[in-house]
Amino acid sequence: MQQHPSSGRAKGALIMALFGSAWLLLACNQLGELGLPALAAVAAVTLLLLAGPLKTLRAGANRPMDADARRGFLWVNLVQWLALVVGGNLLSLGGHPQWLVPFALLVIGLHFLPLARLLRYRPHYLTGAALVLLALLVPVLAGPASPLASLGAGLVLWLSALGAGAKASA
């Protein structure tokens with residue numbers, strides 16, 4: 001059974017909005033600005049980004065993925081999480097924790113590329129490319145510990161959530 005496109009877009013929008021919020025909160029923390037105003041602003045935008053996709057899913061567009069797509073989705077995400085855990089531990093144990101964010105962005109960006117093909121959703125190529133570019137350019141231009149990487153990741157994911165949410169409700 002093929003998943004209804006609006007269901008997949010809505011679920012993707014939810015995931016990208018929430019992870020985008022996490023990246024933005026990390027950026028606020030890195031900047032020393034993780035106070036009530038930052039939390040309120042991130043929460044407000046997150047709620048706005050979640051409203052449309054949640055409405056789409058409540059309207060009955062929530063159909064499961066077909067078995068092949070679900071299996072591929074699970075494999076891509078399993079490989080992503082294994083790479084994050086193993087690579088993150090190696091960086092930490094090797095004394096290079098400042099490279100955790102760029103490494104994570106690289107892995108997360110790369111995981112969007114097979115998902116774009118698997119889910120037949122071309123905008124994931126753009127999301128993946130933007131995250132990979134952030135992972136490669138921010139350390140060179142601003143240093144590996146720069147909050148610009150987290151800030152950029154959050155904004156890329158929020159914009160991607162906005163786009164997916166718009167497609168889901170269309």
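Biologist: Is the crossing in which α4 passes α5 left-handed or right-handed?

Modeller: This is a predicted model, in which local features need pLDDT of at least 70 and side-chain atom pairs count only at pLDDT 80 or more, while totals for chains, interfaces and linings use all residues. Residues are numbered from 1 along each chain as its sequence is written, and side-chain values use heavy atoms, with hydrogens and water left out. A crossing is left-handed if the near helix is turned anticlockwise from the far one by less than a right angle, and right-handed if clockwise. For α4 passing α5, the crossing is left-handed.

Biologist: How are α4 and α5 oriented, roughly parallel or roughly antiparallel?

Modeller: The axes (lines fitted to C-alpha atoms over the stretch in contact) lie 7 Å apart, and the two helices pack at about 160 degrees. Because angles over 145 degrees fall in that class, α4 and α5 are roughly antiparallel.

Biologist: Which residues of α5 make the contact with α4?

Modeller: Contact here means heavy atoms within 4.5 Å. On the α4 side the participants include Pro-102, Leu-105, Ile-108, Phe-112 and Arg-117. Facing them from α5 are His-124, Tyr-125, Thr-127, Gly-128, Ala-129, Leu-131, Val-132, Leu-134, Ala-135 and Pro-139.

Biologist: How far apart are the axes of α3 and α4?

Modeller: Helix α3, residues 67-93, packs against α4 at an angle of about 170 degrees, which makes α3 roughly antiparallel to α4. α3 passes α4 in a right-handed crossing, and the axes of this pair are separated by 10 Å.

Biologist: Which helix supplies the largest share of the largest nonpolar core?

Modeller: Such a core is a set of buried Ala, Val, Leu, Ile, Met, Phe, Trp, Tyr and Cys residues joined through side-chain atoms within 4.5 Å, and among its 31 residues Trp-23, Leu-105, Ile-108 and Leu-131 touch the most other members. At least two residues come from each of α1 (5-30), α2 (36-61), α4 (100-118), α5 (123-142) and α6 (147-169). The largest share, eight residues, belongs to α6.

Biologist: What does Trp-23 touch beyond four places in sequence?

Modeller: Setting aside its neighbours within four places, Trp-23 has eight partners listed here in sequence order. They are Val-101, Ala-104, Leu-105, Ile-108, Ser-150, Ala-153, Gly-154 and Leu-157.

Biologist: Does Leu-91 count as buried or exposed?

Modeller: Leu-91 lies in helix α3 and, not counting residues up to four places away in sequence, touches His-96, Pro-97, Trp-99, Leu-100 and Phe-103. Buried means under 20% relative accessible area, exposed over 50%, and partly exposed in between, with a 1.4 Å probe and protein chains only. At 18% relative accessibility, Leu-91 therefore counts as buried.

Key. Helices (H or I, at least four residues) and strands (E, at least two) are DSSP runs, numbered from the N terminus. Axes are lines fitted to C-alpha atoms, for helices over the stretch in contact, and angles run from 0 to 180 degrees between N-to-C directions. Angles under 35 degrees count as roughly parallel, over 145 as roughly antiparallel, 65 to 115 as roughly perpendicular and the rest as oblique.
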